[in-house]
Amino acid sequence: MAHIELRGITKKFGATTALRKLDLQIGDGEFFVLLGQTGAGKTTTLRLIAGLEKPTEGQIFIDGVDVGTWGPAERDVALVLQQYSLYPRYTVRENLEFPLKAKIRRVEPDEMRDRVARAAKILRIEHLLDRKTERLSGGEMQRVSIGRAIVRKPRVFLMDEPLSALDAKLREALRTELKNLQMTLGATFLFVTHDQIEAMSMADKIGVLDRGRLVQTGTPNEIYNNPRNTFVARSVGSPPINLFEGRLQGGRAVIKPGTFELPLNGQAVPDEGRPIIFGVRPEDVSVEPGAAVEATVHDVENHGVEKILTLNAAQTIFRATVPATLKVEVDETVRCAWNPQKVILFDGSSGLSLRHAG
Amino acid sequence: MAAVQTSRQRLANRLAIAAVIVVTLIFLAPIYWIGSTAFKPRALATTVPPTVLFQPEITPFIKLFTKRVQLTRPVEEEVYEAAPWWERRIYDGGERVLRVGDSVQLSGYPDRFKNSLIVAVTSTLLAVSMGTLTAYGFSRFRVPGEQDWLFFILSTRMLPPVVVAIPMFLMYRAVGMTDTHIGLIILYTAFNLSFSVWLMKGFIDEIPKEYEEAALVDGYTRMQAFFKIVLPEATTGIAATAVFCFITAWNEYAFALMLTNRDAQTAPPFIPAQVGSGLTDWTAIAAGTFLFLLPVAIFTFLLRNHLLRGMSFGAIRK
């Protein structure tokens, strides 16, 4: 268990900069998820903390100690990767024992048997212990590789998209297991993913990375409801947030003058005519008779308890999540409105949330 | 896909198999020739057309291992009777085995064979181990000018070795390394190294570096990770590289002929010089060649499983 701090980390690979001036704090016992697209620098961050890469600039602290000169072995972190993480030729048991056999750890044979047994029990892989790793399914392999991290009792668990190679059902199951595991162990987890559902469902805190910059850190709630800019707003939520370009006029949001105007209930700032991007999540768009805006139904996706409508109002396409009981047909004309309290205002040119920018 | 073969496919298969058999026979013919000559009576060795059916005998091997001289007069009856069976074979051929006191004088062959083993085995071990480490370095670390270095290493193979024969000879003579094991070992190691580096780099590139990184994070040093994770994964590549290096070193003729003459001479330059007394004794030469083929055959046979994977390297992925 440990506290991790990255201070002003920049990492360059030749001419490309993978991370720029990254500052990051991960609290003791926290489940921290780094969310970002491919190439955003998630894996690089992980490898820097593990000691597999050296930062071009900046410092890394584990429990307040600068570990810049430490090798991976000394940092006492565990790494779980998406694939290739199990040693071939070894059985599951040998894989689990491998980190304990390292000279720097000197674990007694009895202790080793204990720890392997305990990890196997937690992950329900006891029946696989004597199997060769080539003969495991994807989910079993990932369990074993998490087990190899657990037996060590490391200070930090680093996980690099450990679930993304698995099929949807298994991914869901392991997600819950991982979260439970983290709570049982009370360990610090840094989990890297491009999957917003993983981030939202597991994280105590999420850090959103965009092309090497950390845009925002916060609880899933903060990230979802109070994104710092349009990038963060778009990176969580399914279906994604609706972003309308428009202007502020008389305390109203004007997206298409005359045909697409909605109230803001005092959220407006006194910048008359300022270009604004209005963000509203599909669940905050309502479809009801007599609402302010007329729209045609472009598409209906039935998801069981709810329907996702794709609507077209004044040539602007957006989405609304409505109860499945609502009867709508494609091409039907409906009336819709938004919950003015939930509308997020972003600056029209910078994309920064006005709440954050002040 | 249906497993039913059309008659056309069957015919194509048969033709392919027939072609393989023909090519194999062509390749095996010289080996059969050497093997059969090694067991022929001397008189049948050079008959035209070659004798295919004959009573195999061991005499060529006895000749190979002994020093002999031509008999000037027929051997006495009681000497012949008292001689062991193998010595009588020599008397039968009109020669006698040289003795100093009571002990039989051995020919140079066993020593040359031993030299060949020492030189080939040592240089193979060196070339493969140095090549593996170098390849690992190139594969896993950022080496400034990596492509240039690799090209430079390969370029040592770009001119025929015989071009450097004379400078080599002069250099070896100047430093006193002619006719030494170490001289040939260095030469063969240098010659095989470029090959070994390139081949091993290909194999090591194929091993995901995630394995080692996992080991590093798990508390092992780079060296331990190399020995515990990389090396076992690279066995196939190492075996294939070792066989190629061994064959090159084992069969090398020109430099061995030029740089050695007695103490460190290997078998290849020795065998043809093994003319015996009087006319060239092809049966003894064939016997020497036959024995000389065995280590490569055994070595290759032992590593055959790895070799198959090694040869098809690149075509088949794990």
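I began with the contact between the two chains, and I noted that 19 residues of chain B and 26 residues of chain A take part in it. I kept in mind throughout that this is a predicted model.

Next I looked up how much area is buried between chain B and chain A, and I found about 1900 Å², of which carbon and sulfur atoms give 57%. On the side of chain B, I saw that Val217(B), Asp218(B) and Tyr220(B) supply 33% of the area this chain buries against chain A, more than any other three residues.

I then turned to the polar side of the interface, where the rule finds four salt bridges and where I counted 13 residue pairs in polar contact, both residues being at pLDDT 80 or more. For the elements of chain B that touch chain A, I wrote down helix H9 (209–217) and helix H10 (222–233) as those giving two or more residues, with H9(B) giving the largest share, eight residues. By class, I entered nine nonpolar, three polar and seven charged residues for this side of chain B. Looking up a single salt bridge, I found the side chains of Arg148(A) and Asp218(B) meeting at 3.3 Å, N to O.

Last, I looked within chain B, where the axes of helix H11 (residues 235–251) and helix H14 (residues 282–302) come within 10 Å and cross at roughly 175°. Because angles over 145 degrees count as roughly antiparallel, I entered H11(B) as roughly antiparallel to H14(B). In their contact I listed residues including Phe246(B) and Trp250(B) from H11(B), and Phe292(B) and Phe299(B) from H14(B); the residues of this contact divide into nine nonpolar, two polar and no charged.

Methods:
Residues numbered from 1 in each chain as written. Chains lettered and ligands numbered in written order. Predicted model: local features only at pLDDT ≥ 70, side-chain atom pairs only at ≥ 80, totals over all residues. Heavy atoms only, no water. Axes fitted to C-alpha atoms, helices over the stretch in contact; angles between N-to-C directions. Helix = DSSP H or I, 4+ residues; strand = E, 2+ residues; numbered from the N terminus. Parallel < 35°, antiparallel > 145°, perpendicular 65-115°, else oblique. Contact = heavy atoms within 4.5 Å. Nonpolar A, V, L, I, M, F, W, Y, C, P; charged D, E, K, R; others polar. Buried area = accessible area lost by both parts, 1.4 Å probe. Polar contact = N/O pair within 3.5 Å; in protein donor to acceptor, adjacent residues only side chain to side chain.
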